[in-house]
Each structure stands twice: as structure tokens, then as C-alpha cells.
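User: I would like a close look at one part of this model, explained step by step for someone who is new to reading structures. Please choose a place where elements meet and describe how they meet.

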There are 2 protein chains.
Amino acid sequence: MKQIEIIETGYYLPKKEILNEYLQKKLNLEDDYIKKMTGIEKRYYTETETIEYMALESVKNIFEKNKKINKEQIGLIIVATTTPNKYMPGIANYIQKNLNIPNCSAFDILAGCNGYITAFDIASTYIQLEKIQKALVVGVDILSQYTDDKDVGTSIILSDGAGAILLGGQNQEKKYFSKIISQGNKNEILTCSKEEKIYMNGKEIYKYAVTEPVKMIKNILEQSNISLDDIKYIIPHQSNERIMKAISNRLKLPEDKLYMNIQNIGNTFCASIPIAINEMYEQNMLQKGDKVILLGYGGGLNTGCILLEI
Amino acid sequence: MKQIEIIETGYYLPKKEILNEYLQKKLNLEDDYIKKMTGIEKRYYTETETIEYMALESVKNIFEKNKKINKEQIGLIIVATTTPNKYMPGIANYIQKNLNIPNCSAFDILAGCNGYITAFDIASTYIQLEKIQKALVVGVDILSQYTDDKDVGTSIILSDGAGAILLGGQNQEKKYFSKIISQGNKNEILTCSKEEKIYMNGKEIYKYAVTEPVKMIKNILEQSNISLDDIKYIIPHQSNERIMKAISNRLKLPEDKLYMNIQNIGNTFCASIPIAINEMYEQNMLQKGDKVILLGYGGGLNTGCILLEI
């Protein structure tokens, strides 16, 4: 069995920056309301960029940074999204075509905001079993197009972006544990469909997001027999600063152990975790041997955790 | 490593049967045109049934036939579709909720008409690696809603349906080989999107479908070192009788070795392979030790093969 390693990371954010002032004016909100409620200071919205374009750019960023990647070794391209435009061919197929990746299977998954964890774990399972050598795992969402202009709760949080990771396998022993659980009861509290914008019951989402993800982290630590003290960072889906701080408090985490970048990016659903990991690599925050927990949660309701040794 | 076994199968077809006469009249076609061009005699269209309902019914059919299934052992529900309605929660989440399956991860995948092969192989990989014990793999599409009434090429072929298989693992050695390849060039010949109906360039699809799937079968036989003579059945995606007969001819298959049920069901995209497997079990055509090849092909372009020992 192979062990999972992150080979390279990439990201793409739309060109158009949206500051709180613009949204506060548009939504008739007080100054500083958005920062106070969500922790967000700015986010990016697509104008002409399509979801396929954003996903492709995030993968191109990987190839720009790392010239040694052998495309022939990539056996899988998985794209996690909640806002697909084309159902066939998928976004993953668009990446396969444009980067001319010759020997791979490409598909998209729909698993809500936990989608990146689901896609990452599928890719890892294929690599562990040596069915493939390397996999591109992409998370992308254009939430600005699915946000009801009059819905303050979603308008102040949601944004657009793409993140990508190239995963590979190696022989040196490394920790990898994963657990994903879907709980259908109350799945009406966070929805998105072909004909409807994103609906979010903020109160109920808060209640869910500060309990189930915490349970999941405790569960994965128990399963792996690793102490929270031995975890360098928890890298959560960037839902809302309040939710993330509550998760951190309930776990009694030291400050800065839970990585947050929502202030500059907003909530990008499936893209939030790979964008965060990419940022952490760019800031030299992750070193070989570090143990981290990736934490996904959201619509479905799906909650997922991956304990990974860098 | 566990070996893959099919524990139970199920299906659902909409209540409303549509005969060729109805479509020929509506499309102003000659008598027998549809049978002659596609091999199809009838198909089923949804009226009030939703895609979630159809998928759920196909899984309920599994539980009706097999009362011994322990829901707690099901670790994964994957739904392959090309015509999603809700993006979050997904169809798999709907099944999880309604059947109260407690310890599983549920998600949907978009991989065109090859989606069922992709989903089946994901589930198999998790079972092989013993990350889970059992998986529900569902294929469902409502193509009647994505068919342009004026487009004869798609109107005479496409239909609605759902099929499901419960997969498990066992220790006795059994053959399992899989290969899925995405080829983006020419991926504009078969498309479906949020805002557009299904587009199919029939001529180009025919050219692709009678070459790449044949190559793929030869490839998997070589990879597994198994002779075509040792394969009891090839179970292809039910695209069109002409395509399937051409594949059969190119492989020099004896009559009846390539399973066809398109005449009574039409082309149901992601549902066609599980519906076919379900039918074959109901007709006692599959016995322990039989080797079969599941063959998927279609939009993406994605082509996939699974050589499976029953």
C-alpha cells in the first residue's frame, strides 16, 4: 500500500475584488456589519470567468510551480463542486482536454461543502491501492451566481474561487486516516438546485457546524490514536469566522492552530480547503512530518475529516 | 485485500410506457422508423416521478428482495447521473436520509454515460482496501426532460430509469480489473448542461462508440490475461442497437454474448448497466464464477471497462 503525499498545490481567484463597503451599501447594512458577523473583509466574484476556466487555472498554477510533473502519471482528475454548469462533459473533462493529460479518468462530484474532502479521499484510496500513481483533486465554486441578492445571510458570506492539489504516493510510512459521514436529517437547512439559489438556515447551520465537526475530529483522533497536541494545524472549510472560532473553542485549541483565511477570500465552498492548503505551503507553514487535520462540513449534511501527515 | 461481489440488484422504471407509435406520430416519422434505426420498441417516461424518487425506488427494490442486508455495514452511497436537479443535498443524500443508513458517506458523480462504471469502480476500490464493507451504487437519469422535442436523433433514443447494485467484499479470490479513460478531444459531440438539452452528433458518436470501447475491451483482456472466450457476457451501456451490434461484430462475438435490453427500455444513460445486470440476475443468467465485462462509453468522452467475476 502506498502512502499519500501532497506533491504540489495551486489556486485561482477571480480578478474582481469585492470589498465589504460595496456589499454593505448594496444590502443596506451598517458599516462593519459584515466583518463583525463573518470575519470577512473582502472576496472575489467572477465576471467573465467560467467555472471551467477557474478550475483549469488552479491546475495550471500547479504546473507553473512544478515543471517536473509527468502528465502521463496522472491517473485521475476529480473536481468537487456545488455549482456545476455543464453536466456532460464535466469540469474535470475540460481540464483533461486543455492540459492534454493522456491516461486518466476524469469526473466531477457533488457532495456539498464537504466535496473537497470526499474527492481527496477518493483519490487517496486509488493511490493507496496503487490503481493510479497521481491524482489531481480540484475544488471550485461560483457562489456569486447562486446567491440571492436580497438574502443577506448568504450574500455577505459566499464568494468564488478554485483550488487544486496534485496527490501522489510514496513508500515511507505516513499517517492517513479519513472518515466521512452523511446525515440526512435536517438536510433542508442548506440547499442549492438547478432552479434555485443557495438557501441557508444560518441558525440551524451554526448549531450543526459547531457540534458534528467537533465530534468528527474527536472521532478521527481516537481512531488514529493520535493526540490533538500532535496535530500542527486543523484546516477547516472556511464557512464563517464565528463557526470556526466556536469549533476551535470547543476543542480548546491554542490560538492559530486552526487555520483561517476567510477574511480575504470569503466562503468558497468546495474551493476553501485547497486554497487554504495552497496558502499555507506558500507561507512555509507545512513541513514534512507535520500532522494536519482537514475538516469538511456542510450541505448534505456531509461531515468529513482527513488526518494527514505532510 | 477484499474481492468484489454483487450482493443484490434493484431497478425502477417510470409508470408511463411510451410506444414507438406515439413518438413516430409526434415526430412525423414513418412506421417502424424507430425500431429500424435504434432497435427500441418501447421506453418509459417520468410524469410525476422525480429523479430522487426513482433512485430511491431502485434501492428500495434491493431491500425488498433481500431482507438480510445490515444497513450499518453500508459505508458508501454513490449515485451516477447526468441530469441532476438538486446540487446539494445530492440524490445519494436523499437515499441515505429516506432509508436511514447510519454510517455512510453519500455523494453524486457526473461522468456522462460512463458514470455507472466510474461509480462502481470507486465503490470497489473502497471495498478492496477495506475502508468500507458494503456500498450502494446507483445509476439514474431522467433524459426525457433533457430531450429537445424537435431533435429526432435524441428523441427516439433517450428514456428514463434507475438501477442499483449493493456491492460487498469477500475473501475468496475473484477476478476484478478496471480501466477508465477520458479523452477530451471531440468532447463537444455529446453534451448536456444546466441550460441546454442533450446535444448529440450521432455520426461522430457512432464513430467513437464502435472504436474506443472495442479497444478498451481488448485492453482489459490483455491487462487481465483473460481470453474473450472465457467471458460469459459483455454488458454494455445500452446506447443504440446499431452501435452495440457493431461492437459485437468488431469483437467477433458469438450472438447473445453481448447483452441487450434496449428494445424494451431505451437508452437510460447512467441507469442502463445496472438495469441490465438486474434483469440478467432475474433471468438467472449470471452464476458464481462467471466472468463478465461491464462496458461504459459516452459523453466526456469517457470510456470504461470492468472485468468482474460473479
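Analyst: What follows looks at a pair of helices in chain B and then turns to the two domains of chain A.

The model is predicted, and the description below should be read with that in mind. Two packed helices are described by the angle between their axes and the distance between the axes. In chain B, helix 3 spans residues 51-65 and helix 4 spans residues 91-99, and their axes come within 9 Å and cross at roughly 55°. An angle under 35 degrees would count as roughly parallel and one from 65 to 115 as roughly perpendicular, and helix 3 of chain B and helix 4 of chain B are therefore oblique to each other. Their crossing is right-handed. On the side of helix 3 of chain B, the residues taking part are B:I51, B:E52, B:A55, B:L56 and B:V59, and they meet B:I91, B:Y94, B:I95, B:N98 and B:L99 of helix 4 of chain B. Sorted by class, this contact has eight nonpolar residues, one polar residue and one charged residue.

In chain A, the domain assignment gives domain 1 (3-170) and domain 2 (176-309), and the C-alpha centres of these domains lie 16 Å apart. Here 45 residues of domain 1 of chain A are in contact with 38 residues of domain 2 of chain A. On the side of domain 1 of chain A that touches domain 2 of chain A, helix 5 of chain A gives the largest share, seven residues, and the residues of that side divide into 18 nonpolar, 20 polar and seven charged.

Definitions and conventions. Residues numbered from 1 in each chain as written. Chains lettered and ligands numbered in written order. Predicted model: local features only at pLDDT ≥ 70, side-chain atom pairs only at ≥ 80, totals over all residues. Axes fitted to C-alpha atoms, helices over the stretch in contact; angles between N-to-C directions. Helix = DSSP H or I, 4+ residues; strand = E, 2+ residues; numbered from the N terminus. Parallel < 35°, antiparallel > 145°, perpendicular 65-115°, else oblique. Left-handed = near helix turned anticlockwise from the far one by under 90°. Contact = placed C-beta atoms within 7 Å. Nonpolar A, V, L, I, M, F, W, Y, C, P; charged D, E, K, R; others polar. Domains from an automatic or database assignment.
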